[in-house]
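Please open the model in your viewer and keep the sequence beside it. The tour below goes from one selection to the next.

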Amino acid sequence: MRLTLKLYATLTDYLPASARGDNVLQLDVDESATIASLIEPLGIPPRLVHLVLVNGVYVPPAERARHGFRDGDVLAIWPPIAGG
């Protein structure tokens with residue numbers, strides 16, 4: 001199954017160098033993949049995974065270990081952002 005992963009702000013540092021220009025990585029994943037199983041191999045510290053959307057729909061932290069995907073889904077992740 002093919003997914004699109006988009007990482008924003010400082011999280012782009014966790015993408016392969018070839019994907020950092022547009023912050024997008026195309027992934028071929030197993031049918032049993034979850035949000036958590038995709039994040040872990042990238043080495044992103046859990047404290048930096050703040051806002052998670054699948055196809056523009058928010059996925060709460062409690063659901064990320066079991067939330068599955070469909071072919072063509074887009075997973076977007078933002079770190080905590082402060083400003084003022």
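Which elements of the protein have the lowest and the highest mean pLDDT? In this predicted model, colour by confidence and select helix H1 (residues 35-39), which has the lowest mean pLDDT among the elements, at 92, and then strand E4 (residues 57-58), which has the highest, at 98. For the protein taken as a whole, the mean pLDDT is 92, and 96% of the residues reach 70 or more. Where pLDDT is low, the predicted coordinates should not be read in detail.

Next, display the strands, which form an open sheet of five with mixed pairing, and follow them across in the order E2-E1-E5-E3-E4. The edges are taken by E2 and E4, each of which has a single partner strand, so that one side of each lacks a neighbour in the sheet. Stay with E2 and add E1: these two strands run antiparallel and are joined by five bridges, and if you select Leu5, you will find Leu25 of E2 standing opposite.

Finally, select Tyr8 and Trp78 and show their side chains, since the structure holds one aromatic pair and the rings of these two residues, with centres 4.3 Å apart and planes at 5°, make it a stacked one, the cut-off for stacking being under 30 degrees. The pair links distant parts of the chain, 70 residues apart, with Tyr8 in the loop between strand E1 (2-7) and strand E2 (24-28) and Trp78 in strand E5 (residues 74-78). With a surface switched on, Tyr8 is partly exposed at a relative accessible area of 24%, and Trp78 also counts as partly exposed, at 22%.

Definitions and conventions
Residues numbered from 1 in each chain as written. Predicted model: local features only at pLDDT ≥ 70, side-chain atom pairs only at ≥ 80, totals over all residues. Heavy atoms only, no water. Phe/Tyr/Trp six-rings, centres within 6.5 Å; stacked < 30°, edge-to-face > 60°. Helix = DSSP H or I, 4+ residues; strand = E, 2+ residues; numbered from the N terminus. Buried < 20%, exposed > 50% of the residue type's maximum accessible area, 1.4 Å probe, protein only. pLDDT = per-residue confidence, 0-100. Pairing = 2+ DSSP bridges.
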